[in-house]
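Subject: Structure for your study

Dear colleague,

Please find below the structure that I am handing over to you. I would be grateful if you could read the notes with the model open beside them.

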Amino acid sequence: MRIETATREFENWLSGCVPLVRSQLTLKHKHMAEDPVQFLRATFYRWAQVWPEVCPDLAKWPTVLAVGDLHIASFGTWRDAAGRLIWGVDDFDEAFPLPYANDLVRLGVSAILDATEGYIGVGIGNVCDVILDGYREGLAAGGQPFVLEENHKWLRRIALSRLDIPFDFWKKMDAMPAARNITPEVRGALESMLPAPGLAYRVTRRIAGDGSLGHPRFVAIVDWRGGRIAIEAKAAAPSACVWTKPGAGEKILYQDILSRAVRCPDPFVAVRHNWLLRRLAPDSSPIDIETMQGGHAQDRLLHAMSFEAANIHLGSPRAQKRILDDLKKRPAKWLRGAVKDMAKATMNDWKEWRKPYR
């Protein structure tokens with residue numbers, strides 16, 4: 001199946017899951033044509049479709065509740081229930097039972113495609129070695145959340161330097177257009193996350209992300225005790241893996257993976273009535289590997305990313321022993337071959353997709 005056909009069929013399926021904003025799909029299609037990095041991040045449905053064909057052996061490896069759409073921009077910061085700054089995976093829209101290798105290969109492909117665009121200076125061998133080292137270390141340790149208070153001082157320094165300036169953050173919030181015709185379901189979901197009942201609030205529309213373009217997003221902004229709070233509700237759908245596997249079950253697994261992984265959860269993230277709810281704030285920000293100077297710093301962050309992947313996978317029953325035992329059976333360069341093959345498949349799709357936009 002060609003990428004154009006796959007995209008059309010996937011979007012038809014998705015329209016039965018969420019009330020798609022068609023104008024955003026046009027924007028998404030344009031972004032997909034701009035470079036292979038954006039294409040990868042916007043097309044997990046295609047990855048889910050071709051992954052078993054390109055890597056048939058890996059597709060049979062031990063299964064975990066995986067991130068699915070893992071890539072180097074899947075990580076950010078938040079505050080836990082104790083107010084501590086935490087770093088880790090912050091996007092589980094595509095959570096689904098998959099071979100553990102899926103997340104590692106996709107993380108590697110995202111790094112390699114970034115490198116081909118000149119964003120980070122890495123080679124495929126180095127990327128794969130760093131990813132496997134971090135992943136094995138995370139598994140062997142039984143997992144460890146990234147609490148940026150006492151440990152991981154290097155990551156804390158980077159995280160604090162990347163936080164949004166509050167003035168600029170709220171300026172962007174104020175610039176979002178007012179939402180109209182808000183359904184009782186959306187209002188109920190937003191109000192369930194407000195700090196007190198009966199508060200007056202205004203609702204805006206928000207456009208963000210690549211993979212989620214087309215999903216309606218509403219943001220409630222409320223003044224409360226001397227400051228403002230922003231709560232977002234995004235229409236949630238089952239993983240695109242459900243599209244590739246009819247009859248696999250359509251449960252949204254976002255909450256499941258959050259509750260099972262080794263992590264300090266964000267108390268302001270929840271899924272209610274098929275709406276993903278989260279607080280938007282200046283201290284909930286990504287750390288872009290592209291902005292880090294020097295190969296050592298980039299390697300260190302990539303190592304942390306794969307360690308965090310282990311934190312997620314360890315939420316599956318008996319994952320530690322099953323995966324460590326399985327890794328011992330694998331040839332030394334298995335990840336390099338898989339990353340190379342999936343990067344090639346992604347590039348071929350992107351080159352085909354961009355033709356009408358050139």
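The notes below describe the sheets, the helices that pack on them, and the cores.

This is a predicted model, in which local features need pLDDT of at least 70 and side-chain atom pairs count only at pLDDT 80 or more, while totals for chains, interfaces and linings use all residues. Residues are numbered from 1 along each chain as its sequence is written, and side-chain values use heavy atoms, with hydrogens and water left out.

**The five-stranded sheet**

Helices (H or I, at least four residues) and strands (E, at least two) are DSSP runs, numbered from the N terminus. Two strands are said to pair if DSSP finds at least two bridges between them. In general, strands of a sheet pair through backbone hydrogen bonds, either parallel or antiparallel.

One open sheet is built from five strands in the order E6-E7-E8-E10-E9, with antiparallel pairing. Strand E6 (202-205) and strand E9 (269-272) each have a single partner strand, so one side of each is left without a neighbour in the sheet. On average, neighbouring strands here are turned by 25° against each other, direction ignored; axes are lines fitted to C-alpha atoms, for helices over the stretch in contact, and angles run from 0 to 180 degrees between N-to-C directions. Within this sheet, strand E8 (residues 227-235) and strand E10 (residues 275-280) run antiparallel and are joined by six bridges. Isoleucine 231 has arginine 279 in E10 as its bridge partner.

**Two helices on that sheet**

Helix H8 (residues 166-175) packs on the sheet, where it touches E6, strand E7 (217-224), E8 and E10; contact means heavy atoms within 4.5 Å. The direction of H8 makes about 55° with that of E8. Which residues of H8 are buried? They are Phe169, Trp170 and Met173, where buried means under 20% relative accessible area, exposed over 50% and partly exposed in between (1.4 Å probe, protein chains only). Seen down the axis, the buried residues of H8 fall within an arc of 90°, so they line one face of the helix; the arc is that of the directions from the helix axis to the C-beta atoms. Phe167, Lys171 and Ala175 are exposed on the other side of H8.

Helix H9 (residues 184-191) lies across E6, E7, E8 and E10 and runs at about 45° to E10. Its buried residues are Val186, Ala189 and Leu190. These residues cover an arc of only 95° around the axis, which puts them on the same side of H9. They pack against E6, E7, E8 and E10.

**The three-stranded sheet**

A further open sheet has three strands in the order E2-E3-E5, again with antiparallel pairing. Strand E2 (75-79) and strand E5 (146-147) are its edge strands, each pairing on one side only. Five bridges link E2 to strand E3 (residues 85-89). Threonine 77 has tryptophan 87 in E3 as its bridge partner, and phenylalanine 75 stands opposite valine 89. Two bridges join E3 to E5, where tryptophan 87 stands opposite phenylalanine 146. In the hairpin of E2 and E3, with five residues between the strands, glycine 83 takes a positive phi near 85°.

Is strand E3 mostly covered or exposed? E3 is mostly covered, as five of its five residues are buried. Helix H7 (residues 153-162) packs on this sheet and touches E2, E3 and E5, its direction making about 90° with that of E3.

**The nonpolar cores**

A nonpolar core is a set of buried Ala, Val, Leu, Ile, Met, Phe, Trp, Tyr and Cys residues joined through side-chain atoms within 4.5 Å. The largest one has 113 residues, and Trp87, Val105 and Trp334 have the most contacts inside it. Not counting residues up to four places away in sequence, the residues that valine 105 touches include Trp47, Trp51, Leu58 and Trp334. A second, separate core of eight residues includes Phe169, Val219, Ala230 and Leu280.

**Tyrosine 100**

Tyrosine 100 is found in helix H5 (residues 100-116) and is buried, with a relative accessible area of 0%. Among the residues it touches, leaving aside those up to four places away in sequence, are Trp61, Pro62, Tyr135 and His313.

Yours sincerely,

A colleague
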